[in-house]
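Reader: Please show me the structure, and then explain the terms you use for it.

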There are 2 protein chains.
Amino acid sequence: MSKIDNITFGAYIRKLREQAKLPLRKVAAELDIDTSTLSKIEKNERNANEQIIEGISRIFQIDKSELKVRYLSDKITYQLIHEENGLEILKVAEARIKYQKRVNRK
Amino acid sequence: MSKIDNITFGAYIRKLREQAKLPLRKVAAELDIDTSTLSKIEKNERNANEQIIEGISRIFQIDKSELKVRYLSDKITYQLIHEENGLEILKVAEARIKYQKRVNRK
DNA sequence: TTTTGCTTTGGCAAGTTTTGTCCAAAACTA
DNA sequence: TAGTTTTGGACAAAACTTGCCAAAGCAAAA
């Protein structure tokens with residue numbers, strides 16, 4: 001139950017930063033982005049990207065794939081949150097991805 | 001097993017059109033879009049949108065929500081197809097959407 | 001209260017992506 | 001062959017995203 005905690009990606013990385021007692025300014029500098037950009041990412045007003053996820057992973061020693069799962073699941077949740085059939089859509093996507101996996105390993 | 005047939009959205013609407021024996025030209029006119037745009041949508045080279053899904057639903061008498069499920073699950077599948085943890089990402093998104101539903105009906 | 005440091009906000013300009021449209025060539029049909 | 005349908009490329013306009021900066025807000029210390 002660690003990744004299914006219903007906290008957004010932004011809130012999660014903010015929590016990491018606050019636990020480490022680091023100001024935006026310092027983390028942003030480490031990530032080589034503007035402070036205001038990081039502020040917006042923490043408030044889910046801007047997208048993160050590979051470089052930023054990489055950096056967060058390095059700074060806070062968090063497994064990069066966990067961060068990616070959080071980031072992408074957030075995005076997908078957001079895409080479906082107002083859809084009537086969100087859960088069905090996910091089921092179909094799941095079936096397709098499983099199918100792809102089967103096909104790819106030939 | 002009707003929506004989980006591993007056929008893309010484009011291929012699906014092409015099939016509908018061919019079964020009805022209609023040329024792109026006619027369907028595109030009905031949808032009020034360019035013929036070549038519809039050709040590209042059928043080949044998954046352009047996005048559909050609400051208006052187009054609406055139109056397809058009307059022309060071929062297909063339930064609009066079925067079309068939406070097909071369209072969006074396609075998009076999500078495509079977003080995750082190269083991700084290591086695609087299935088886990090879907091699971092997390094699913095848990096979040098369920099959580100939202102619970103919260104919303106308060 | 002004033003200062004100091006941290007964070008938030010708004011907005012602009014540049015860059016990128018997506019869209020709609022047109023046209024010509026390719027592919028198909030009869 | 002001609003006639004029709006489908007495709008792909010080019011292009012500008014529109015929409016969206018990004019990086020950056022300046023100003024405002026906020027809280028705690030001096």
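Author: What follows is a set of questions about a predicted model, each answered from its computed values.

Reader: Why is A:Arg25 said to make a polar contact with DNA strand C?

Author: An N or O atom in the side chain of A:Arg25 is 2.7 Å from a phosphate oxygen of DNA strand C. The cut-off for such a pair is 3.5 Å, so this is a polar contact. A:Arg17 also has a polar side-chain atom 3.0 Å from a phosphate oxygen of DNA strand C.

Reader: Which part of DNA strand C does B:Arg46 approach?

Author: A base nitrogen of DNA strand C lies 2.5 Å from an N or O atom in the side chain of B:Arg46. Of the atoms of this strand within 4 Å of the protein, 51% belong to sugar or phosphate and the rest to bases.

Reader: What residue classes make up the surface near DNA strand C?

Author: Nine of its residues are charged, five polar and two nonpolar. Among the 16 residues around the strand, those that come nearest are A:Arg14, A:Leu24, A:Lys43, B:Thr37 and B:Arg46. Arg and Lys count as charged, Leu as nonpolar and Thr as polar.

Reader: How do you know that B:Leu24 makes a polar contact with DNA strand D, when Leu counts as nonpolar?

Author: The atom concerned is a polar backbone atom of B:Leu24, 2.6 Å from a phosphate oxygen of DNA strand D. The test is a pair of N or O atoms within 3.5 Å, so the class of the residue does not decide the matter. B:Ser39 uses an N or O atom of its side chain, 2.8 Å from a phosphate oxygen of DNA strand D. B:Lys40 has a polar side-chain atom 2.8 Å from a base oxygen of that strand.

Reader: Which element gives the most residues to the surface near DNA strand D?

Author: Helix 3 of chain B does, with three residues.

Reader: What makes helix 6 of chain A oblique to helix 5 of chain B?

Author: Helix 6 (residues 86-104) of chain A and helix 5 (residues 64-80) of chain B pack at an angle of about 50°, with their axes 8 Å apart. That angle is neither under 35 degrees nor over 145, and it falls outside 65 to 115, so the pair is oblique. The crossing is right-handed.

Reader: Which residues of helix 6 of chain A make the contact?

Author: A:Glu88, A:Ile89, A:Val92, A:Ala93, A:Arg96 and A:Ile97 do, against residues of helix 5 of chain B including B:Leu72 and B:Ile76. By class, the contact has eight nonpolar, two polar and five charged residues.

Note on methods: Residues are numbered from 1 along each chain as its sequence is written. Chains are lettered from A and ligands numbered from 1 in the order in which they are written. This is a predicted model: local features need pLDDT of at least 70, side-chain atom pairs count only at pLDDT 80 or more; totals for chains, interfaces and linings use all residues. Side-chain values use heavy atoms; hydrogens and water are left out. A residue is near a molecule or strand if one of its heavy atoms lies within 4 Å of it. A polar contact is a pair of N or O atoms within 3.5 Å; within protein, one must be able to donate a hydrogen and the other to accept it, and residues adjacent in sequence count only if both atoms are side-chain atoms. Axes are lines fitted to C-alpha atoms, for helices over the stretch in contact, and angles run from 0 to 180 degrees between N-to-C directions. Helices (H or I, at least four residues) and strands (E, at least two) are DSSP runs, numbered from the N terminus. A crossing is left-handed if the near helix is turned anticlockwise from the far one by less than a right angle, and right-handed if clockwise. Contact means heavy atoms within 4.5 Å.
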